[in-house]
Amino acid sequence: MAAQPLTTETLSRLFPDIDTTPDALSGHDEEQIRLMDEMCIVTDENDMPIGKASKMICHLMSNINKGLLHRAFSVFLFNDKNELLLQQRAPEKITFPGMWTNTCCSHPLAVSGETGSMLQAAIEGVKRAAQRKLHHELGIDKAQVPIEKFHFLTRIHYKSASDSEWGEHEVDYVLFIKAQVQLDVNDNEVKATQYVNSDGLKKLFQDPNLSFTPWFTLICKSMLFEWWDTLDSNLEDYTNEVQIRRM
């Protein structure tokens, strides 16, 4: 059966009192405001697409508190020393500005090639979206991060506020990739980058002057280091998890 198109009309029926006013964007960076027009994939709690909505609509706490949920991904990119590439989010970011996080965190869009209802199709969609955003945020050429090198591990469902107006409520696909890449950082997206080994990351979490995104913190506290230890051995034992982890 062909997948049903994602529509804003479907969303309006399911969430008739959704907040669509752009007032919360006032005063923010112009480029980040423009990106808030991108259309995210709205899902139910089982990650089935039920419609689409702008990034702005999906990230307003007023809508999150009504149950609005969208699909996302988190990329963990390792070099040949098994060091993890971290990024510090730019101060221009509307949600979680200035916080340290994993290599790339974003959303597949409601566009051809990035959507999918069945899990395998959805995984392929988020891998393509990951290529797109690694290039957009960090200047990484797609040829350096081919689709077949991404490993899908699991999905986490979490909710967290950035401030009183903005937040996240996502089914987040966790992707690992080991690759040697050249960076050309987009300063409007990323303030700083660094590679760390596992002990180095644990030390960063002990620094009271640093702050970390909630999804990255959840993954680090629950699963990351166990997965990290298997990069060159039995990572396949942890991949393609079907169950959604609720956090």
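**A walk through the fold, starting at Asn82**

Asn82 is buried, at a relative accessible area of 17%. The cut-off for buried is under 20%, so Asn82 falls inside that class. Keep in mind that this is a predicted model.

Where does Asn82 sit? Its place is the loop between strand 3 and strand 4. The backbone there deserves a look. Phi of Asn82 is near 65°, a positive value in a residue other than glycine. Most residues other than glycine have a negative phi.

There is another case of this kind. Asp47 has a phi near 70°, again positive and again not a glycine. Asp47 belongs to the loop between strand 1 (39–43) and strand 2 (49–54). Is Asp47 buried or exposed? Asp47 is buried, with a relative accessible area of 3%.

Now the whole protein. We have 7 helices and 10 strands. The C-alpha trace spans about 50 × 45 × 30 Å along its principal axes. What about the radius of gyration? A compact globule of 247 residues would come out near 18 Å, and the protein has 17 Å, so the two agree.

On burial, 51% of the 247 residues count as buried. On the outside, the protein exposes about 11300 Å². Carbon and sulfur atoms supply 48% of that area.

Contacts next. Take the contacts with a separation of 6 or more. Of these, 73% are between residues 24 or more positions apart.

Charges, briefly. There are 24 positive and 36 negative charges. Their mean positions are 3 Å apart.

On to the core. In soluble globular proteins, nonpolar side chains tend to be buried together. Here, the largest nonpolar core has 27 residues. Which residues have the most contacts inside it? They are Phe76, Leu84, Phe176, Leu201, Phe216, Leu224 and Trp228.

Several elements supply at least two residues each to this core. On the strand side, these are strand 3 (70–78), strand 4 (84–89), strand 7 (151–161) and strand 8 (167–178). On the helix side, they are helix 6 (198–205) and helix 7 (214–228). Which element gives the largest share? Helix 7 does, with 9 residues.

Look at Trp228 and set aside its neighbours within four places in sequence. What is Trp228 in contact with? The list holds Phe78, Asn82, Glu83, Leu84, Phe176, Val196, Asn197, Ser198 and Leu201. So Asn82, where we started, is a contact of Trp228.

Apart from this core lies another one, of 24 residues. Leu138, Val145, Tyr173 and Ala179 are among them.

Next stop, Glu168. Its place is in strand 8. Glu168 is buried, at a relative accessible area of 4%. What surrounds it? Leaving aside neighbours within four places in sequence, Glu168 is in contact with three histidines, His59, His70 and His107. Its other contacts are Ile64, Thr95, Phe96, Tyr158, Lys159, Ser160 and Trp215. One distance goes with this. The C-alpha atoms of Glu168 and Met61 are separated by 7.9 Å, with their positions 107 residues apart along the chain.

Now two serines. Ser106 lies in strand 6 (residues 104–106). Ser106 is buried, with a relative accessible area of 8%. Beyond its neighbours within four places in sequence, Ser106 is in contact with Ala72, Phe73 and Lys133.

Ser211 lies in the loop between helix 6 and helix 7. At 34% relative accessibility, Ser211 counts as partly exposed. Which residues is Ser211 in contact with, outside its neighbours within four places in sequence? They are Gly98, Met99 and Trp100. The C-alpha atoms of Ser211 and Gly98 are separated by 7.9 Å, and the two residues are 113 apart along the chain.

Last residue, Ala143. Look for it in the loop between helix 5 (119–138) and strand 7. Buried or exposed, then, for Ala143? Ala143 is exposed, with a relative accessible area of 65%. The cut-off for exposed is over 50%, so Ala143 passes it. Its C-alpha atom and that of Lys191 are separated by 24 Å, at 48 residues apart along the chain.

To close, back to the loops. Asn82 sits between strand 3 and strand 4 and is buried. Ala143 sits between helix 5 and strand 7 and is exposed.

Methods: Residues are numbered from 1 along each chain as its sequence is written. This is a predicted model: local features need pLDDT of at least 70, side-chain atom pairs count only at pLDDT 80 or more; totals for chains, interfaces and linings use all residues. Side-chain values use heavy atoms; hydrogens and water are left out. A nonpolar core is a set of buried Ala, Val, Leu, Ile, Met, Phe, Trp, Tyr and Cys residues joined through side-chain atoms within 4.5 Å. Buried means under 20% relative accessible area, exposed over 50%, partly exposed in between (1.4 Å probe, protein chains only). Helices (H or I, at least four residues) and strands (E, at least two) are DSSP runs, numbered from the N terminus. Contact means heavy atoms within 4.5 Å. The radius of gyration is taken over C-alpha atoms; the globule rule is 2.2 Å times the number of residues to the power 0.38. Accessible areas come from the Shrake-Rupley method with a 1.4 Å probe; for residues, only the protein chains shown count as cover. Lys and Arg count as positive and Asp and Glu as negative; His and the chain ends are not counted. The place of a charge is taken as NZ of Lys, CZ of Arg, CG of Asp or CD of Glu.
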